[in-house]
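Please look over the sequence and the structure below. The report that follows covers confidence, one helix at the start of the chain, and two helix packings.

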Amino acid sequence: MKLTDKRVEEIVTDAIGDDVIKILRFLKGKRDVSEFKISSKLKMDIQEVRNVLYRMHNINLVSYKRKKDNKKGWYISYWTFNKSRVKELLKKMNTEKLERFRERLHVESSNLNSFFMCPKTCTRMDFHNATAYSFRCPECGNLMQQQDNTKTISFLKEKIREIEAVA
Ligand SMILES: [Zn+2]
């Protein structure tokens, strides 16, 4: 599986937010880029740059070297984007999604057609909880209605199949 630049950006955004895109694009294809260079080229505050880089570093998307600047006497970090880590990240995210969807599928399947939902969609709960509220929505007081959840179940099954197909 080859990841296009666009796909890489989607995966990274999905994992840690879309404010990383500017820096990600800037680092692409370069090595050991000074954090001050990133800050000046992208016209971003150095703290903001570091914040993004640390978040990327937390999931191993970037690595860095620290070197002492002999003239100024302080340390500067030089950053490199690890594109090869994106596949591992994608795998990890898919595994987590799969777990979540399987868990939800289990809950939905074991409460077949016995979910109760407020007609204004404020709340949705299983039979046990709905009984505790005498089938009244705790948010707005409307009578909750029994819901056919077969569509939710097929949706979840479809999602699971989708992820399994690329995993
Ligand atoms: Zn309600």
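Confidence in this predicted model is lowest in helix α1, at a mean pLDDT of 93. Strand β1 (residues 33-34) has the highest, at 98. Across the chain, pLDDT averages 94. At least 70 is reached by 99% of the residues.

Helix α1 covers residues 5-16. How far apart are its end C-alpha atoms? They are 16 Å apart. That agrees with expectation, because 12 residues at 1.5 Å a residue should span 16 Å. Gly17 follows α1. The phi of Gly17 is positive, near 105°.

Helix α5 (residues 85-110) takes part in two packings. One is with α1, the other with helix α7 (residues 150-166). The table sets out both.

| Helix pair | Axis separation | Angle | Handedness of crossing |
|---|---|---|---|
| α1 and α5 | 10 Å | about 55° | left-handed |
| α5 and α7 | within 9 Å | roughly 155° | left-handed |

Take α1 and α5 to begin with. Their axes pack at about 55°, so the two helices are oblique to each other. On the α1 side, the contact uses Val8, Ile11, Val12, Asp14 and Ala15. On the α5 side, Val86, Leu89, Leu90 and Met93 meet them. This contact divides into 8 nonpolar residues, no polar ones and 1 charged.

Now α5 and α7. Their axes cross at roughly 155°. Angles over 145 degrees count as roughly antiparallel, so α5 is roughly antiparallel to α7. From α5 come Asn94, Lys97, Leu98, Phe101, Arg102, Arg104, Leu105, Glu108 and Ser109. From α7 come Thr152, Ile153, Leu156, Lys157, Lys159, Ile160 and Ile163. How do the residues of this contact divide into nonpolar, polar and charged? There are 7 nonpolar, 3 polar and 6 charged.

The spacing of contact residues has a simple background. An α-helix has 3.6 residues a turn, so residues three or four places apart point the same way. Examples can be picked out in both packings. In α5, Leu98, Phe101 and Leu105 are among the residues that meet α7. In α7, Ile153, Leu156, Ile160 and Ile163 are among their partners. In α1, Val8, Ile11 and Ala15 are among the residues that meet α5.

Conventions. Residues are numbered from 1 along each chain as its sequence is written. This is a predicted model: local features need pLDDT of at least 70, side-chain atom pairs count only at pLDDT 80 or more; totals for chains, interfaces and linings use all residues. Axes are lines fitted to C-alpha atoms, for helices over the stretch in contact, and angles run from 0 to 180 degrees between N-to-C directions. Helices (H or I, at least four residues) and strands (E, at least two) are DSSP runs, numbered from the N terminus. Angles under 35 degrees count as roughly parallel, over 145 as roughly antiparallel, 65 to 115 as roughly perpendicular and the rest as oblique. A crossing is left-handed if the near helix is turned anticlockwise from the far one by less than a right angle, and right-handed if clockwise. Two residues are in contact if their C-beta atoms, placed from the backbone, lie within 7 Å. Ala, Val, Leu, Ile, Met, Phe, Trp, Tyr, Cys and Pro count as nonpolar, Asp, Glu, Lys and Arg as charged, and the others, Gly among them, as polar. The expected span of a helix is 1.5 Å times one less than its number of residues. pLDDT is the predictor's confidence in each residue, from 0 to 100.
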